Amino acid sequence: MDLDVTNLIDSLEEVATLLSGWKLSTTQWSLLDGPAIKLHDHSFDASPWRDHLNIYVVEHALPWKTAELEQTVPPLGSRELTELLAASRRDIHLHLVPAFRYYKAGFERKIVYLPSGRSITAATLRGCSQMWSYKSVEVVDKPNDFAEEIERIVAERLVRLRAALAVAREPDILQRLALLERGYQELSDRKTTQARATFRQAAGQSWISEVS
Amino acid sequence: MGLRHRRCLDSCIRLLPNAEHQIPTQRTFVKQQGARPGSNLDQSDWAGSGRPAIPPRRSLKVEDTANAELRCCEGAASVFCFEVEVIAFVTRRSLALLAMTQSVLRGLPASPGKCVGRASVVSRLTALPTESIDVLVVKTASVEWLEAIVKARAVVTEIGGITSHAATICRELGKPCVTGVENIMSQLTSGALVTVDGTTGEVTILR
């Protein structure tokens, strides 16, 4: 089932309040993926994304130390964890991704003003395509981390890429999404070397120089 | 030494290594007592150990603590019977232990640590127990399962790798987690006593 924009905006009001309580400024976190695209283009079909909100944060700004690269949660017993769980009980599930590396490489995002007057940043379709390409390179560059998940990742991402391709108009976005789709097909066919080259081409020079 | 006794002893000895790491054997007993080669163990050394009693008026000499073999200074025949009795006791314990640990399921070591507790096999979030959870066993856990993971002391999933939601959340919270344990949902029922070893990726069904 697709996301309801009104519900999404209500949820984002709560997220903005929560994160500002953790002293994160608007520029230190951003909404990504289907819900972010939906925020810019209400007609976008965000159904391939599950019910949680992917929030990419500059991890250094969080009030706790992070060790993971894919997801972080506040420590047991912390006020932040209690608040996160309270939001979860109100059906607002946050996936907090430590994302400083992605911010350094760069992805397009725009400020969105919420009805309350608060502002948040949400990645555009271009920004999401940039992020997906960075994450795709990571998947092939860290085979030990993702080995057991490749099949699921490929299936999930192909569905999402096709949803994005359906609304993409600008040539650079179309080209990046097409490259990613090809890369996942190659990964599915176990042509890892080719997939890596394809993903790196999609990620572009900013990511390559960031990781090398 | 009769052939029947010899065979019995041989088969018992073969089983001994399985028991050595788990329960006090002759070797660990000797070590605990601080016995040295050449020293004597008598009835009182074994008192309260739960082992068969040493035949009256006999003492056992420790010839080699490395092998923990106990030999009697005299009366070889009766002491041999005692040895068989002791080894049979250890073997019974060993077999019982093996029976208990035969259901070892393997997955991916996703978050280090060890936990022993009752399993809560949960197929959907609405079926989550309200009380605290020892070992949460789920097919897969997304972000929506955060509260359940926080409540649990350890987590086991049927699907997922070391970068799955359950794995990363558990590592962040410092809870043991094993992911990708094939068919765990069908092999385990709620209430079963299990050991979760997030360092080795083993889930042992105790009973």
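## Strand pairing, domains and chain contacts in a predicted two-chain model

In strand S10 of chain B, B:Val196 is the bridge partner of B:Cys115. The structure is a predicted model, in which local features need pLDDT of at least 70, side-chain atom pairs count only at pLDDT 80 or more, and totals for chains, interfaces and linings use all residues. Residues are numbered from 1 along each chain as its sequence is written, while chains are lettered from A and ligands numbered from 1 in the order in which they are written.

The pair just named belongs to a longer pairing: S6(B) and strand S10 (residues 193–197) of chain B run antiparallel and are joined by 5 bridges. Strands here are DSSP runs of E with at least two residues, helices are runs of H or I with at least four residues, and both are numbered from the N terminus. Two strands count as paired if DSSP finds at least two bridges between them. Strand S6 (residues 114–121) of chain B also pairs with strand S7 (residues 133–138) of chain B, this time in the parallel sense, over 3 bridges. Opposite B:Ala119 in this second pairing stands B:Val135 of S7(B).

Both pairings can be placed in an open sheet of 8 strands in chain B, with the order S4-S11-S10-S6-S7-S8-S9-S5 and mixed pairing. Which strands stand at the edges? They are strand S4 (103–106) and strand S5 (108–111) of chain B, and because each has a single partner strand, one side of each is left without a neighbour in the sheet. From one strand to the next, the twist averages 30°, where axes are lines fitted to C-alpha atoms and angles run from 0 to 180 degrees between N-to-C directions. A general point helps when looking at such a sheet: in a regular strand the side chains alternate between the two faces of the sheet.

B:Val178 offers a view from inside one strand of chain B, S9 (residues 177–179). Is B:Val178 buried or exposed? It counts as buried, because 31 C-beta neighbours lie inside 10 Å; the cut-offs are 20 or more other C-beta atoms within 10 Å for buried, 12 or fewer for exposed, and anything in between for partly exposed, with C-beta atoms placed from the backbone. Leaving aside neighbours within four places in sequence, the contacts of B:Val178 include B:Leu108, B:Pro109 and B:Ala110, as well as B:Val156 and B:Val196. Two residues are in contact if their C-beta atoms, placed from the backbone, lie within 7 Å. B:Val196 is thus met again, as it is also the bridge partner of B:Cys115. B:Ile149, 29 residues from B:Val178 in sequence, is 13 Å away in space, C-alpha to C-alpha.

In the loop between S9 and helix H7 (184–187) of chain B lies B:Asn183. With 9 C-beta neighbours inside 10 Å, B:Asn183 counts as exposed. Its phi is near 55°, a positive value in a residue other than glycine.

Chain A also holds a residue of this kind: phi of A:Asp33 is near 70°, again positive in a residue other than glycine. A:Asp33, however, sits in helix H2 of chain A and is buried, with 23 other C-beta atoms within 10 Å.

Chain A as a whole has 9 helices and 5 strands, which follow one another as α-β-α-β-α-β-α-β-β-α-α-α-α-α along the sequence. Why does its radius of gyration agree with that of a compact globule? For 212 residues such a globule would have a value near 17 Å, and chain A has 17 Å; the rule is 2.2 Å times the number of residues to the power 0.38, with the radius taken over C-alpha atoms. Of its 212 residues, 38% count as buried.

An automatic or database domain assignment divides chain A into domain 1 (5–123) and domain 2 (125–211). Their C-alpha centres lie 22 Å apart, and 17 residues of domain 1 are in contact with 14 residues of domain 2. On the domain 1 side, helix H2 (33–40) and helix H4 (100–105) of chain A each supply at least two residues, and H4(A) gives the most, with 4 residues.

Between the chains, 19 residues of chain B are in contact with 21 residues of chain A. Helix H5 (146–151) and helix H6 (165–173) of chain B each supply at least two residues of the chain B side, and H6(B) gives the most, with 6 residues.
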